[in-house]
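Colleague: Please take a close look at the strand pairing in this model. Once that part is clear, set it beside the salt bridges and the surroundings of the RNA.

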Amino acid sequence: MDFRARFAPSPTGQVHIGNIRTAIFNWLYTRHCGGEFLLRIEDTDLERSTKQAIDALFECMKWLGLDYDGEVMYQTSQSEHHKQAARDLVARGCAYELNPGQPGSPVLFRLPYDCDSFPFVRACGRVRTELAVDAPFSISRAGLTWSVVNHKGKTVENAAGLAGFKDLRVFDGAGNVIFTLDASNIREIEALVEPKVIAGAAAFEFLRREVFFHDLVKGDLAKPLDGIKDLVIIRSDGSPVFHLANVCDDVTQRVTHIVRGDDHVENTYRHLFLFQALGFTPPTYAHLPMLVNASGKPYSKRDGDAFVGDFREKGFLPEALFNYLSLLGWSPGDNREKMTRQELVEAFSIDRAQRSPAQFDLVKLVNMNGMYLAEMPLARFESEAWDFAGRWEWRASASRELFSKVAALMQTRTKTYQDVNAWKYFFCGELEYDPKGFRKLLSDETTRTALAALADIFERKPSMNETEVEQTLREVESAHGMGACRLNQPLRVAVTGVTVGGSMYETAAVIGTGDCASRIRKTLALGSAS
RNA sequence: GUUCCCAUCGUCUAGAGGCCUAGGACACCAGGUUUUCAUCCUGGUAACAGGGGUUCGAAUCCCCUUGGGAAUGCCA
């Protein structure tokens, strides 16, 4: 199947989850169809594009396993093609300089007046517009400008390209035709640089035509041509504008399917004409609704907490983020959620993409990450947790062997690698006490006496195993008239400082009972109400 | 302002006129297992934005209202 999709980010800031979700959908769609997934960096905004942003983008894509086919295309490298394309369009009358002859005139692409035969244009019938009296009505190569009075009595100015007004007739207040625009004089008007003001215009009538296309996710879309303006394709400084560059590059890369955010829907109506003028059949479009943040607003560069790279720093797994993001605005249709990359590729279909925006939910991502972490082979978990922990001081003095034991004990209760920081007490005797737990569990005299006795025993047998620890605890409890297990939580606070963690017996065995003894002493020395 | 798009539990979603007393997941609540926490198990609260049609029958089709979003750049 001839299928080429692309991801075309502009490197003007950190790539955020909204962008990368688009990349993921493109990737899944392409891999499902067995096509090619291309990467194009739209770096034409020299002011704001940065090398760091490009590097970060590559890093994120690599991390998420978004492999692309062929070489990366940098849009700036195509600059000459874009300019040549613009010159060709001007030469063929498809584009024009706004102020011909003058240096620094922008070049505009002309929506063609003769477009009845285009496969994406259709007639809708004649339309009549009443004009605001005393407001100027003018026409030039750039199109029409007119004013109407809205229902609140306010005068509103409008503008649109000439193409929107087939067989235009302008009337004066008495209903006389005072101007017409049709095939007979369109060339003349297209040459008109200075706007021609038509005095006394009171109303006009024209044949409305609309641009239409079928969107793979939104369905049939259409927009009247009289609501669309000619567009700038070359700026005053000679640089190509997004619209031209984007379409030219899609032609160059022979892109067949464009999957992008639905903020581009309005551009599509105009890009269709650009493809046509360049002599190419427009690709198939799929516009995805935006991803919104916790306050319901679309993600933007300003949402600092949404940078993809930060999720790595926050201890998320790429496969979990990938899985979660693929489920934002799409679902396989059955009740599956945790799916492997392969399963996602097989199940993906663009027409199952949601038409309405989806809100990113960090809590659900955390849950999914925890599932991935829990099911991960211990060796990988241990090794990645170790690497991640490199950011904290305590790891410098931690033994790898001990770390392995701790990892095995703590894996099922880890949601993200960030949680590994809570393992600190295994490696460092300087405890941070939970004040509430301390008061509640270490104030009782009997408990304190029992703990002191326990420390004596631990000291004599400094490397008990789990079972021995358990037996010892039962004996000490009974010797002090305490019920079974009553010493577990006090011991936990005495040796870890906190009230939550893995099995107490295992925890004590992993720390080492000798070490536990000194920790208990140290804790008891703090007094009963610390 | 105008044009376009969207609307199912708090969130992500299932739903293609009868399988819907609206299903699943996260979160939340209650109970069970567990020395704690987590896991695990059981149960629960919770939604078709509102109003009109069409139809024997509407979450599903149509219209209106409301609410949200986008576009309307010599940004991309």
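Modeller: V211 has K223 of β14 opposite it. The two strands concerned, β13 and β14, are antiparallel and share six bridges; pairing requires DSSP to find at least two bridges between two strands. Three residues separate β13 from β14 in a hairpin. Strands here are DSSP runs of E with at least two residues, helices are runs of H or I with at least four, and both are numbered from the N terminus.

The model is predicted, so local features need pLDDT of at least 70 and side-chain atom pairs pLDDT 80 or more, while totals for chains, interfaces and linings use all residues. Residues are numbered from 1 along each chain as written, chains are lettered from A and ligands numbered from 1 in written order, and side-chain values use heavy atoms, without hydrogens or water.

An open sheet of four strands runs in the order β9-β8-β7-β12, with antiparallel pairing. Its edges are β9 (155-160) and β12 (196-197), each of which pairs on one side only. Strands β8 and β9 run antiparallel and are joined by six bridges, with V148 opposite V156 in β9. They make a hairpin with five residues in between, and G153 in that turn has a positive phi of about 85°. On the side of β7 (residues 138-140), the antiparallel pairing with β8 (residues 143-149) extends over three bridges. There S140 faces G143 in β8. In general, strands of a sheet pair through backbone hydrogen bonds, either parallel or antiparallel.

Side chains offer another kind of link between strands. R128 and E205 form a salt bridge with closest N and O atoms 3.5 Å apart; the term covers a side-chain nitrogen of Lys or Arg within 4 Å of a carboxyl oxygen of Asp or Glu. Because R128 belongs to strand β6 (residues 121-130) and E205 to strand β13 (residues 201-215), this pair ties together parts 77 residues apart in sequence. R128 is partly exposed at 45% relative accessible area, whereas E205 is buried at 17%. Buried means under 20% relative accessible area and exposed over 50%, with partly exposed in between (1.4 Å probe, protein chains only).

The structure holds 39 salt bridges. E36 and R4 form one of them, with an N to O distance of 3.6 Å. E36 sits in strand β2 (residues 36-41) and R4 in strand β1 (residues 4-7), 32 residues apart, so this pair too links distant parts of the chain. R4 is buried at 7%, and E36 is partly exposed at 35%. A pair within one helix is E80 and K83, whose closest N and O atoms are 3.9 Å apart. These residues are three apart in helix α3 (residues 79-91), which means a separation of about one helical turn. E80 is exposed at 51%, and K83 is partly exposed at 24%. Salt bridges also join R6, R40, E42, D249 and D250 into a network.

Strand β14 returns in the surroundings of RNA strand B. β14 (219-224) supplies at least two residues of the surface near the RNA, as do α5 (242-252), α6 (265-278), β19 (358-359), α10 (362-375), α17 (488-496) and α18 (504-511). Near means that a heavy atom of the residue lies within 4 Å. There are 54 residues around RNA strand B, and R235, S236, K297, G329 and R413 come nearest. This surface comprises 16 nonpolar, 21 polar and 17 charged residues. Here Ala, Val, Leu, Ile, Met, Phe, Trp, Tyr, Cys and Pro are nonpolar, Asp, Glu, Lys and Arg charged, and the others, Gly among them, polar.

Seen from the RNA, 70% of the strand B atoms within 4 Å of the protein belong to sugar or phosphate, and the rest to bases. The polar contacts (N or O pairs within 3.5 Å) include several kinds of partner. A polar side-chain atom of R48 is 2.9 Å from a sugar or linking oxygen of RNA strand B. For S331, a polar side-chain atom lies 3.3 Å from a phosphate oxygen of RNA strand B. N267 places a polar side-chain atom 3.3 Å from a base nitrogen of RNA strand B.

As for the overall division, chain A has domain 1 (111-227) and domain 2 (378-525), with bounds from an automatic or database domain assignment. The C-alpha centres of domain 1 and domain 2 are 79 Å apart.

Definitions and conventions:
A polar contact is a pair of N or O atoms within 3.5 Å; within protein, one must be able to donate a hydrogen and the other to accept it, and residues adjacent in sequence count only if both atoms are side-chain atoms.
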